Amino acid sequence: MMAAALNALYEAERVRIAALFGACDRENPVFGEGPMDARLMFIGEAPGGEEAKSGHPFVGTAGKTFSRLLEAAEIAREEVFITNAVKFRPVHVKEKSVSNRTPKPDEVLASLPLLRQELLIVRPHVVATLGNTPLCAVLKLAGQKAVTIGAVHGTRISLLLEGFSFVLFPLYHPASTIYNRALTETLAADLTLLNALLKER
Ligand code: URA
């Protein structure tokens, strides 16, 4: 029932994305995955190349790092719902290469209605955002001002979205640990705190 509602929204998003003109992979959107009764939802930024190819979120290099860190924190990946703020892969196209880019503010804004629906359908107790893009997206949906990940990672922020209350738990994006090794320990420690939070609720 809930899964059917979400799938209908994903099909509508597929049509919206197919009509986009900006540089993005219009043909291979990646939607949320996981149990509909998940108590924890992770929200990433946008799919990359491996995700677009496979149709699944967080399966590329950052996804493998993410899975490893989840396992170390004893959080079962199959028990969580994983989605992205933006469901298509934003790209830079050069003459001989195609690379990932950060989604533009208007692309994130246009993706908010679907993210709002995912939150209202799955209703997780805890929403863990990965990086700045989904952090600001969730805060915007809840009518709150943007903050930076450096100031709030690993902390609990109580939010209300149309009568649905949940705890936002901001995390660094797993890809940031690839460029900044020191963040691996920070993200690992924050995931341990997240597991403790889940046990309380
Ligand atoms: N990075 C993201 O933010 N999402 C993915 O699905 C993969 C990499």
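How do the residues of the shell around the ligand divide into nonpolar, polar and charged? In this predicted model, the split comes out as four nonpolar, three polar and two charged. The residues that surround the ligand are Gly44, Glu45, Ala46, Pro47, Glu51, Pro57, Phe58, Asn84 and His173. Sorting those names into the classes is a handy bit of practice: Ala46, Pro47, Pro57 and Phe58 are the nonpolar ones, while Glu45 and Glu51 carry the charged label. That leaves Gly44, Asn84 and His173 for the polar group.

As for where the ligand has settled, it sits in the largest pocket. Some of the contacts there involve the protein backbone. At Glu45, a backbone N or O atom lies 2.7 Å from an oxygen atom of the ligand. Right next door in the numbering, Ala46 has a polar backbone atom 3.1 Å from a nitrogen atom of the ligand. Phe58 joins in as well, with a backbone N or O atom 3.0 Å from a ligand oxygen atom. Taken alone, the ligand would expose 230 Å², and the protein buries 93% of that.

Phe58 deserves a second look. Besides being part of the shell around the ligand, this residue lies in the loop between helix 2 (49–54) and helix 3 (61–72). The backbone of Phe58 does something a bit unusual to spot on a plot of angles: phi is near 50°, a positive value in a residue other than glycine. Is Phe58 buried or exposed? Its relative accessible area is 5%, and the cut-off for buried is under 20%, so Phe58 counts as buried.Arg123 also has a phi near 50°, again a positive value in a residue other than glycine. The loop that holds Arg123 runs between helix 4 (105–122) and strand 6 (126–130). With 42% relative accessibility, Arg123 falls between the cut-offs of 20% and 50%, so this residue counts as partly exposed.

A further arginine, Arg39, is found in the loop between strand 1 (24–25) and strand 2 (40–44). Its relative accessibility is 35%, which lies between those cut-offs too, so Arg39 is partly exposed. How far apart are the C-alpha atoms of Arg39 and Asn132? They are separated by 22 Å, with the two residues 93 residues apart along the chain.

Conventions
Residues are numbered from 1 along each chain as its sequence is written. This is a predicted model: local features need pLDDT of at least 70, side-chain atom pairs count only at pLDDT 80 or more; totals for chains, interfaces and linings use all residues. Side-chain values use heavy atoms; hydrogens and water are left out. A residue is near a molecule or strand if one of its heavy atoms lies within 4 Å of it. A polar contact is a pair of N or O atoms within 3.5 Å; within protein, one must be able to donate a hydrogen and the other to accept it, and residues adjacent in sequence count only if both atoms are side-chain atoms. Accessible areas come from the Shrake-Rupley method with a 1.4 Å probe; for residues, only the protein chains shown count as cover. On a 1 Å grid over the protein atoms alone, a cavity is a set of points where a 1.4 Å probe fits but cannot get out, and a pocket is an open set with protein on both sides within 12 Å along at least five of seven lines; lining residues have an atom within 4 Å of a point. A molecule sits in a cavity or pocket if more than half of its atoms lie within 2 Å of its grid points. Helices (H or I, at least four residues) and strands (E, at least two) are DSSP runs, numbered from the N terminus. Buried means under 20% relative accessible area, exposed over 50%, partly exposed in between (1.4 Å probe, protein chains only).
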